[in-house]
Amino acid sequence: MRGDREWGSIAGLVRSAAERYGTAEAVVDGRTRVSYEELGERVERAAAACLAAGMEPGDRVGIWAPNTLDWIVSALGAVTAGAVLVPLNTRFKGTEAAHVLSRSRARLLFVTGTFLGTSYVASLRRAGVELPDLERVVVLADAAPEEYTTWKDFLAEGESVSTAEVRARADAIDSAAPSDIIYTSGTTGAPKGAVITHAQTLRCYGIWSELAGLREGDRYLIVNPFFHTFGYKAGIIACLMRGAVMVPQPVFNVDTALANIAAERISVLPGPPTLHQSLLDHPARSSYDLSALRLVVTGAAVVPLRLVERLRTELGVGTVLTAYGLSEASGIVTMCRRGDPADVVATTSGRPIPGTEVRLSAAGEVLVRGHHVMSGYFEDEAATAEAVDADGWLHTGDVGVLDEAGNLRITDRIKDMFIVGGFNAYPAEIEQLLGLHPDIADVAVVGVPDRRLGEVGKAFAVRRPGARVTADDLIAWARREMANFKVPREVEFVGELPRNASGKVVKGVLRSQHRR
């Protein structure tokens with residue numbers, strides 16, 4: 001298995017892939033088709049532009065854009081220049097994005113122009129958050145405001161930098177240096193950035209590719225967002241390692257996915273269970289040729305046994321696997337193995353990956369130790385010490401059980417985090433935002449089951465005296481103030497929230513109240 005010692009860094013992986021796979025197709029983005037050789041050249045041009053812009057090793061570079069070829073090129077270009085990538089959630093509002101840029105002290109930002117009818121540039125400019133460290137904003141479009149730079153003009157600036165200079169910078173990257181910072185809001189509501197190194201990324205996704213059975217020439221529809229570890233590393237990085245073809249899809253739309261699977265002969269389709277369920281249940285599924293599909297990797301939610309069986313029988317998918325991970329552990333902790341029975345795949349997240357230890361605390365919390373555990377939260381020693389103990393065990397906040405074979409099953413979340421269609425939602429953060437509404441005196445949020453998305457948020461809110469805000473009013477207000485996956489789908493007004501002797505909201509009571 002090829003790994004971190006062979007490539008050294010992500011920059012080394014990109015160059016190796018260009019040399020190994022040459023004229024083989026690397027990326028299909030709409031009508032644009034790029035070979036591995038061409039991808040390598042584009043990444044080096046982007047890296048040259050980063051050098052011309054004054055980026056130094058270790059500088060943070062943000063990227064706020066959907067799954068596209070430009071995301072791949074700009075992100076890998078920044079990392080090749082020795083920068084540390086800070087991916088931003090495309091569902092963020094301007095203020096949310098600005099807070100991450102501020103905390104990471106990003107010097108450069110790549111941002112999409114308009115996506116899903118929203119101008120990200122305008123959203124960022126309206127955020128009202130001071131960003132003294134942000135020196136350059138590059139718009140991945142043909143036009144940009146006067147104070148920003150277009151992608152084309154940014155690349156042109158790099159023409160004065162030679163390939164030799166770019167490769168010298170890339171060759172100087174230490175495998176132990178940070179490659180990216182993945183921000184997660186956590187239960188405190190304050191964003192925390194998990195710092196992951198080049199060596200961790202390469203080792204983990206070399207293992208992932210091996211366990212999944214990703215092959216050279218596989219055609220991989222990447223619906224999982226690139227801003228998430230699953231999309232970026234189990235997607236882009238894994239494909240670079242194996243010579244698979246990346247077919248990025250910016251938004252999950254079942255009709256578009258079916259069309260892509262048929263037209264591009266897609267063989268690999270990781271994603272949350274909701275994605276696969278929607279494909280199976282589509283009324284026009286039989287009119288699409290899905291016969292090339294052979295590998296599905298899922299997780300992030302409960303996986304019904306029936307779903308695993310239907311993927312294998314109705315679609316003929318030879319390999320269906322589940323996995324468990326979190327940003328603080330490079331996105332992967334356990335994974336099923338090819339050949340596991342359907343009930344193991346459906347009811348567990350598999351066994352620890354090589355080089356990983358998993359045990360349960362007395363309270364049943366999942367603890368993890370190994371090569372993939374983050375070096376820490378960026379510039380946050382207190383939060384790091386709380387998450388990773390003196391013996392190197394990462395306290396995940398998830399509660400689970402281990403069977404006799406070592407398969408892990410997640411049963412609950414100490415942190416109350418819930419997952420909406422594959423996106424992590426943190427009640428403390430949502431509660432803080434809802435608490436800003438002028439008519440809300442108190443509020444608590446819990447995750448509740450949802451047939452389509454797995455889980456969604458439900459808010460229990462206390463109105464201020466005299467206030468007449470309705471559930472629809474509060475939900476509409478929330479849609480303007482936070483990313484869509486965070487918005488509660490249901491609001492129940494109560495006289496007061498149940499609290500224990502220490503004043504903490506007893507969320508178990510609220511969940512029981514929802515079920516009644």
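The following paragraphs describe a strand pair, a helix packing and two loop residues in a predicted model. Local features need pLDDT of at least 70 and side-chain atom pairs count only at pLDDT 80 or more, whereas totals for chains, interfaces and linings use all residues. Residues are numbered from 1 along each chain as its sequence is written, and side-chain values use heavy atoms, with hydrogens and water left out.

Strand β12 (residues 219-222) runs parallel to β13, and four bridges join the two; strands pair if DSSP finds at least two bridges between them. Helices (H or I, at least four residues) and strands (E, at least two) are DSSP runs numbered from the N terminus. Ile222 stands opposite Pro248 in β13. Between these strands the chain passes through helix α10 (residues 229-242), in a right-handed β-α-β crossover, meaning that, with the strands pointing away from the viewer, the path from the first strand over the helix to the second runs clockwise. In β13 (residues 245-248), Val245 and Val247 point one way and Met246 and Pro248 the other, and all are buried (under 20% relative accessible area; exposed is over 50%, partly exposed in between; 1.4 Å probe, protein chains only).

Helices α3 (residues 36-52) and α8 (residues 163-171) pack at about 85°, with axes 9 Å apart. They are therefore roughly perpendicular (65 to 115 degrees).

Two loop residues other than glycine have positive phi. Arg105, with phi near 55°, lies between α5 (94-104) and β5 (108-112) and is partly exposed because its relative accessibility is 32%. Leu116, with phi of about 55°, lies between β6 (114-115) and β7 (118-119) and counts as exposed at 60% relative accessibility.

Note on methods. Axes fitted to C-alpha atoms, helices over the stretch in contact; angles between N-to-C directions. Parallel < 35°, antiparallel > 145°, perpendicular 65-115°, else oblique.
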